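Here is a short tour of one protein chain, from its overall fold down to a few residues worth a look. Please keep the viewer open as you read.

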Amino acid sequence: MSLNILAVDDSRTMRDMISLALRQAGFEPTLAEDGQHGLEVLEDFTPDAIITDINMPRLDGFGFIDAVRKIPERRAIPILVLTTESATELKARAREAGATGWIVKPFDPAKLVRALEMVTG
C-alpha cells in the first residue's frame, strides 16, 4: 500500500531524512518547509497522513494542526508530531489541537513507518 504523506519541517536535513525513510517504506512523501507552506500544499492535495514539526517559522506546528483541523475535508487526516520537544504539556497541547500521535527526534525510521501504518489503518 503506497501512502501519500505530507511532511512539514523547517529543517532541510530533517525533510531529507523523513523523505528517505518514507520512500524506503514505499510511501510517497510530499515536503513543506513550514506550517504556512504546508497549508498551501494542502489546498490541492489530500495526504493519507501528515507529519509536522512544532518549532517552525511563519506558522508553528500547533497553528498548523489547528488550521488543518478547521478544513472540513482535511479534518480526519491523521497528524503525527515529529519534534525534539518531549514536555508533557506540549504533548497535551498538540493533542488538544488535534494531533494523532507524537514522536521525538531523533527518530527511528522503522518506528515512524509503523506509527504511520497504525494511524492510517
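## Overall fold

In this predicted model, the protein chain holds five helices and five strands. Following the sequence, these elements come in the order β-α-β-α-β-α-β-α-β-α.

How does the radius of gyration of the protein chain agree with that of a compact globule? For 121 residues a compact globule would have a value near 14 Å, and the 13 Å of the protein chain agrees with this. Along the principal axes, the C-alpha atoms fill a box of roughly 30 × 30 × 25 Å.

Among the contacts with a sequence separation of 6 or more, 63% join residues that are 24 or more positions apart. Of the 121 residues, 50% count as buried. The accessible surface of the chain is about 6,100 Å², and carbon and sulfur atoms contribute 49% of that area. As for charge, the chain has 14 positive and 19 negative charges, and the mean positions of these two sets lie 4 Å apart.

## Asp9 and Lys105

Let us turn to the loop between strand S1 (4-8) and helix H1 (12-24), where Asp9 is located. Is Asp9 buried or exposed? Its relative accessibility is 1%, under the 20% cut-off, so Asp9 counts as buried.

Which residues is Asp9 in contact with, once neighbours within four places in sequence are left aside? They are Met14, Arg15, Ala32, Glu33, Asp53, Met56 and Lys105. With Lys105 there is also a polar contact, made between the two side chains at 2.8 Å.

Lys105 has a second feature to look at: a cis peptide bond joins Lys105 to Pro106, with omega at about -5°. Pro106 sits in the loop between strand S5 (101-104) and helix H5 (109-120).

## Arg58

Another loop, between strand S3 (49-52) and helix H3 (61-69), contains Arg58. Although Arg58 is not a glycine, its phi is positive, at about 65°. Arg58 has a relative accessible area of 61%, over the 50% cut-off, and is therefore exposed.

## Loops at a glance

The table below places the loop residues discussed above.

| Residue | Strand before the loop | Helix after the loop |
|---|---|---|
| Asp9 | S1 (4-8) | H1 (12-24) |
| Arg58 | S3 (49-52) | H3 (61-69) |
| Pro106 | S5 (101-104) | H5 (109-120) |

To round off the tour, you might display Asp9 with the side chain of Lys105, its polar contact partner, and then follow the chain from Lys105 across the cis peptide bond to Pro106.

How values were computed: Residues are numbered from 1 along each chain as its sequence is written. This is a predicted model: local features need pLDDT of at least 70, side-chain atom pairs count only at pLDDT 80 or more; totals for chains, interfaces and linings use all residues. Side-chain values use heavy atoms; hydrogens and water are left out. Helices (H or I, at least four residues) and strands (E, at least two) are DSSP runs, numbered from the N terminus. The radius of gyration is taken over C-alpha atoms; the globule rule is 2.2 Å times the number of residues to the power 0.38. Buried means under 20% relative accessible area, exposed over 50%, partly exposed in between (1.4 Å probe, protein chains only). Contact means heavy atoms within 4.5 Å. Accessible areas come from the Shrake-Rupley method with a 1.4 Å probe; for residues, only the protein chains shown count as cover. Lys and Arg count as positive and Asp and Glu as negative; His and the chain ends are not counted. The place of a charge is taken as NZ of Lys, CZ of Arg, CG of Asp or CD of Glu. A polar contact is a pair of N or O atoms within 3.5 Å; within protein, one must be able to donate a hydrogen and the other to accept it, and residues adjacent in sequence count only if both atoms are side-chain atoms.
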